[in-house]
Amino acid sequence: MKPLPLPTPDTAAFFAAIDAGELKVPRCSACGRFFLYPRAYCPFCTSDQVTLEPASGRGSLESYVVNHRPAPGFEEDAPYVLGVVRLAEGPTLFAEIAGDPVVDGDLEAFFEPRSDRNVLKFRMRKAAG
Ligand SMILES: [Zn+2]
């Protein structure tokens, strides 16, 4: 059985949004910057004026690995792609990538239902034209 993220007090609202089908990213009200991972203080200016704001779900692929040695529960998915996603809002996160990965290629977020939750994943967007 595939595991699910285990929210902490700092990440509970972030994962609750994902479970509701929305990607929201922490943003500092003092300096205006988005950041990840979710936490109570801005990593840039240490302000505690942090809110979760809706994100576009768009990003680009900074790097990836094709994983042939799956984690427990993911044996049937192997090989699968894990990548570093640079969100349009600025922060990066690590996620599974659907489709043939292209570095610097455009990505869009989607949600995979798992039990009564959602898991955030990204897929390559088709080139325009
Ligand atoms: Zn700040």
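## Contacts along the chain

Half-way figures describe the contacts here: among those between residues at least 6 apart in sequence, 50% join residues at least 24 apart. Two residues are in contact if their C-beta atoms, placed from the backbone, lie within 7 Å. The model is predicted: local features need pLDDT of at least 70, side-chain atom pairs count only at pLDDT 80 or more, and totals for chains, interfaces and linings use all residues. Residues are numbered from 1 along each chain as its sequence is written.

## Strands and barrel

The protein has one helix and seven strands, in the pattern α-β-β-β-β-β-β-β along the sequence. Helices (H or I, at least four residues) and strands (E, at least two) are DSSP runs, numbered from the N terminus.

Five strands close into a barrel in the order 3-4-5-7-6, with mixed pairing. Neighbouring strands of this sheet are turned by 50° against each other on average, direction ignored. Strands pair if DSSP finds at least two bridges between them. Strand 5 and strand 7 pair in the parallel sense over two bridges, and Phe122 in strand 7 is the bridge partner of Ile97.

## Nonpolar core

The largest nonpolar core (buried Ala, Val, Leu, Ile, Met, Phe, Trp, Tyr and Cys residues joined through C-beta atoms within 7 Å) has 14 residues. Buried means that 20 or more other C-beta atoms lie within 10 Å of a residue's own. Among the core residues with the most contacts inside it are Leu120 and Phe122. Helix 1 (12–19) is one of the elements that give two or more residues to this core.

Beyond its neighbours within four places in sequence, Leu120 is in contact with Ile18, Leu23, Ala95, Ala109 and Phe111.

Definitions and conventions: A residue is buried if 20 or more other C-beta atoms lie within 10 Å of its own, exposed if 12 or fewer, and partly exposed in between; C-beta atoms are placed from the backbone. Axes are lines fitted to C-alpha atoms, for helices over the stretch in contact, and angles run from 0 to 180 degrees between N-to-C directions.
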